[in-house]
Amino acid sequence: MVTAPSDRGQWTSRTGFILAAAGSAIGLGNIWRFPYVVGQNGGAAFVLLYFGFVILIGVPYMFAELALGRAAQKNPVGAVQAVRPNSPWRLVGLLGVITGVGILSFYGVIAGWTFGYIFKMAAGRVGDFGAFIASPWPVLGLFALFMFLTASIVHGGIQGGIERWSKILMPILFLLLVALVVYANSLSGASKGLSFYLHPDFSKITGRVALAALGQAFFSLSLGMGLMITYGSYVGKTEDLVASGISVGFFDTMIAFLAGLIIFPALFAMGQDPAAGPALVFAVLPELFTRMPGGLLVGTLFFILLSVAALTSTISLLEVETAYVVDEHGVDRKKVVWGAALFTFVVGIPSALSQGASDFFSDFGWLPARLSDPDFLSHMSFIWGDFSLAFGALMLSIFVGWVWGANKAADEIEQGSSFFAQTRGIWVFMIRFFIPVVIFVILLNLFGVFD
Ligand code: TRP
């Protein structure tokens, strides 16, 4: 897996690309964010809606980003420019780059917590999660450390390091998740959790729930901000974008689903609240590990693997900023990486302090309560992680479908994918009409049109 070592580059192989894209997709979004969003939005009905969005919107939309990236061989701004130079559309590319900064700024904070739990587990002192995230120095230190790790990898070329390790560690993460599913479901009281997770109550679906499901689908698949444009720009012309996109969607969804199969049974067995929000996984899992025989070791391993999963996502986020500055401003890649990481860290400081360390940022209620919790981090997560991704995907699907042209995009996808030729008509319809219309309707609802 190569991200342009000196200037631009290419993935070394098809697996290299799928691994990188799946590495970007699979992360805290699957294991930390998915369960808490499911919990906040009523359970199984949300899960079904989520699957529907992944299959009907997320994956077909992913082909559009990949095709644009491969055709233009550029970052999001450069790719839009290559199709329509100096038009207002380039702001859509720029919004993508900014969204990447926004997401990384709070994502890095959570990744820092995850990293901290490796040591807490190893030391056998789990302590109180609320107190931990309210302590400014450990949280800032871990956040800084995580950004440093991310920048070192993006800087040093990720082929030998992260690609080699991902190949070993990601299957281990998968096996460990399966083992935890079995354990969590053996606890007494677990079946109530399963039923919350798997028996849909469709009256729970509201406009707000639909937006959350759509936002989560984009977030988890790393869509809506041009990440797949950037990664697509390193893909060779003979690769099968359709098969790659489908495998990424499949693995990503499977990991999220497994995470839910652990969290909900465990949560109900322990009598905790499914709607606890961002703290959910950190409140449930360490408790689960302390109950398990050999749990501290398992817990340590788990948080190591989760940190690796988070790291393959943070490097993808940093890569977008980096590729933008390298391509558009011709600055040396090695210099850009550190600047971008430092900048993002500074943007993330308020999020890091928003869980109790600073009263000001912890109670930052300038968005309506029906949209997000009052702390700064939740606001960032809503603005960049839900709204901006959905909005970006709306704009980019219109751009690909109508401005660049769905047929040109389909020609690009067809290179390397023989299967696509038969379904091309359906895809053209989806990218031009179905996808933008569904996203638009759901976004309208932000203004309370249907609730
Ligand atoms: N998909 C990642 C996760 O689920 C987060 C992520 C990485 C992301 N890169 C992205 C989200 C680009 C949106 C866009 O953890």
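**Residue positions and the ligand site in a predicted model**

Trp 11 is placed in the segment that comes before helix α1, and in this predicted model the residue is buried, with a relative accessible area of 7%. That value falls under the 20% that marks a residue as buried. Between Trp 11 and Ala 213, which stand 202 residues apart along the chain, the C-alpha atoms are separated by 31 Å. A second tryptophan, Trp 32, has its place in helix α2, and with a relative accessibility of 1% Trp 32 is likewise counted as buried. In sequence, Trp 32 and Arg 14 are 18 residues apart, while in space the distance from C-alpha to C-alpha is 29 Å.

The ligand sits in the largest cavity, where 17 residues surround it. The closest of these residues are Ala 25, Gly 29, Tyr 107, Phe 219 and Ser 222. Several helices contribute to this shell, since at least two of its residues are supplied by each of α1 (14-25), α2 (28-40), α5 (90-123), α10 (207-220) and α14 (295-329). When the shell is sorted by class, nine residues are nonpolar and eight are polar, whereas no charged residues are found in the shell around the ligand.

Backbone atoms of the protein also approach polar atoms of the ligand. A backbone N or O atom of Ser 24 lies 3.2 Å from a nitrogen atom of the ligand, and a backbone N or O atom of Ser 220 lies 3.1 Å from a nitrogen atom of the ligand. For Leu 28, the partner is an oxygen atom of the ligand, which a backbone N or O atom of this residue approaches to 3.2 Å. Taken on its own, the ligand has 360 Å² of accessible area, and the protein covers 100% of it.

Helix α14, one of the helices that supply residues to the shell, also holds Thr 314. With a relative accessible area of 0%, Thr 314 is buried, because a residue is given that description when the value is under 20%. The side chain of Thr 314 reaches the backbone oxygen of Leu 311 at a distance of 3.1 Å.

Two residues in loops have a positive phi although neither is a glycine. In the loop between α3 (44-72) and α4 (76-83), Gln 73 has a phi of about 55 degrees, and in the loop between α4 and α5, Asn 86 has a phi of about 50 degrees. Their accessibility was also considered: Gln 73 counts as partly exposed at 29% relative accessibility, whereas Asn 86 is exposed, with a relative accessible area of 59%. The two descriptions follow from the cut-offs, because exposed requires a value over 50% and partly exposed covers the range between 20% and that limit.

Further along the chain, Phe 387 lies in helix α17, which comprises residues 376-414. Phe 387 is counted as partly exposed, at a relative accessibility of 28%. Phe 387 and Phe 429 are 42 residues apart in sequence, and their C-alpha atoms are 24 Å apart in space.

Terms used
Residues are numbered from 1 along each chain as its sequence is written. This is a predicted model: local features need pLDDT of at least 70, side-chain atom pairs count only at pLDDT 80 or more; totals for chains, interfaces and linings use all residues. Side-chain values use heavy atoms; hydrogens and water are left out. A residue is near a molecule or strand if one of its heavy atoms lies within 4 Å of it. A polar contact is a pair of N or O atoms within 3.5 Å; within protein, one must be able to donate a hydrogen and the other to accept it, and residues adjacent in sequence count only if both atoms are side-chain atoms. Accessible areas come from the Shrake-Rupley method with a 1.4 Å probe; for residues, only the protein chains shown count as cover. On a 1 Å grid over the protein atoms alone, a cavity is a set of points where a 1.4 Å probe fits but cannot get out, and a pocket is an open set with protein on both sides within 12 Å along at least five of seven lines; lining residues have an atom within 4 Å of a point. A molecule sits in a cavity or pocket if more than half of its atoms lie within 2 Å of its grid points. Helices (H or I, at least four residues) and strands (E, at least two) are DSSP runs, numbered from the N terminus. Ala, Val, Leu, Ile, Met, Phe, Trp, Tyr, Cys and Pro count as nonpolar, Asp, Glu, Lys and Arg as charged, and the others, Gly among them, as polar. Buried means under 20% relative accessible area, exposed over 50%, partly exposed in between (1.4 Å probe, protein chains only).
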